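Student: I would like to go through the binding site of this model and ask what stands behind each term.

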Amino acid sequence: MSGGTADFFYREARRLKYVARSAFKLVEIQKKHRIIRPGGSVLDLGCAPGAFLQVACQNLGPPEKGGAVVGVDIKKVKVPADHCDHRVRTIAGDVLQMSPAALASFSPSGKGYSVLVSDMCPSVSGDRSKDAALSAELGMCALHLALGQSEVDDSIPETGGILLPGGSLVIKLLEGEESQGFLKLCKGRFQQLSWLRPKATRSTSREIYFIGKGRMSKFPSV
Ligand SMILES: C[S@@+](CC[C@H](N)C(=O)[O-])C[C@H]1O[C@@H](n2cnc3c(N)ncnc32)[C@H](O)[C@@H]1O
């Protein structure tokens, strides 16, 4: 992808009133995989500045359909004025320090979400393997929150984790040795597993999205 293409997404983001060009990554994921359904509940980990929040809310359908988007970031995030409505809220906090129970409590049912998206990214140092390992740590935290860990507490749904049965998972990773581990851990737990490098990804970036569609219930925690 050339710098010209990157400029295209930047210009399109401004034109369509998205707060960041990253919006088009979730637009493409949604177009290909239809993970967000009208009335769904979406947990967006690493949500600043809020472009995914906008795209997620747009895909919930009209407000009468219900649904919710909950964004979490270390930074305090103001809900964007465009494309978001009362169904979107944000929470400031370090996801690595948050319990599944606390995150589930913000969902409409109090039990979990139909979609969990993690766009969390470490501040990159330039050291490829170190950056990939840090990104894998954030991704693994998102995966454990979604599917549950052995020490998961009793207040979480019996399937373990905060991703509801039938729900979908999207996790951004910087490609590295650790990436394939996600595939192994998720095999047999989703109806469909895939990778996507959205067109809006900058050519210099090694990021890639791991997508698990349709969580199968009654599977052990990871
Ligand atoms: C690439 S940005 C997300 C962009 C966002 N999806 C959007 O479209 O506007 C990555 C975010 O992850 C957040 N982040 C990184 N580590 C985190 C952590 N441990 N807990 C919460 N947020 C984290 C960063 O603060 C940063 O805002």
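Student: Which of the 20 residues around the ligand come nearest?

Tutor: This is a predicted model. Ser22, Ala51, Asp73, Asp94 and Asp119 come nearest among the 20 residues around the ligand.

Student: What makes the pair between Ser22 and the ligand a polar contact?

Tutor: A polar contact is a pair of N or O atoms within 3.5 Å. A polar side-chain atom of Ser22 lies 2.7 Å from an oxygen atom of the ligand, so the pair meets that cut-off.

Student: How do you know that Ile74 and Lys75 make polar contacts with the ligand?

Tutor: For Ile74, a backbone N or O atom lies 3.3 Å from a nitrogen atom of the ligand. For Lys75, a polar side-chain atom is 3.4 Å from an oxygen atom of the ligand. Both values are within 3.5 Å, so both pairs count as polar contacts. As for area, the ligand taken alone exposes 600 Å², and the protein buries 87% of that.

Student: What is the make-up of the shell around the ligand by class?

Tutor: The shell holds eleven nonpolar, four polar and five charged residues.

Student: Where does the ligand sit with respect to the pockets?

Tutor: The space taken by the ligand is the largest pocket. To sit in a pocket, a molecule needs more than half of its atoms within 2 Å of the grid points, so the ligand meets that condition for the largest pocket.

Student: How much space lies in the largest pocket, and which elements give two or more residues to its lining?

Tutor: The largest pocket has about 720 Å³ of space. Its lining takes two or more residues from each of α3 (51-58), β2 (68-73) and α5 (128-147). The largest share, three residues, comes from α5. In total 34 residues line the largest pocket, and Gly46, Ala48, Asp119, Met120 and Cys121 lie nearest its centre. By class, the lining has 16 nonpolar, seven polar and eleven charged residues.

Student: What is the volume of the second largest pocket, and which residues line it?

Tutor: Its volume is about 220 Å³. The lining includes Cys121, Pro122, Arg128, Leu174 and Glu207. By class, the lining of the second largest pocket divides into four nonpolar, four polar and four charged residues.

Student: What is the omega value of the peptide bond from Ala48 to Pro49?

Tutor: Omega is near 5°, and the bond is cis. Pro49 is in the loop between β1 (41-45) and α3.

Student: What is notable about phi of Lys17?

Tutor: Phi of Lys17 is near 65°, a positive value in a residue other than glycine. Lys17 belongs to the loop between α1 (3-15) and α2 (23-33).

Technical notes:
Residues numbered from 1 in each chain as written. Predicted model: local features only at pLDDT ≥ 70, side-chain atom pairs only at ≥ 80, totals over all residues. Heavy atoms only, no water. Near = heavy atom within 4 Å. Polar contact = N/O pair within 3.5 Å; in protein donor to acceptor, adjacent residues only side chain to side chain. Areas by Shrake-Rupley, 256 points an atom, 1.4 Å probe, with all protein chains shown as cover. 1 Å grid on protein atoms, 1.4 Å probe; cavity = no way out; pocket = protein on both sides within 12 Å on 5 of 7 lines; lining within 4 Å. Nonpolar A, V, L, I, M, F, W, Y, C, P; charged D, E, K, R; others polar. Points joined across faces, edges and corners; volume = space filled by probe spheres on them. Helix = DSSP H or I, 4+ residues; strand = E, 2+ residues; numbered from the N terminus.
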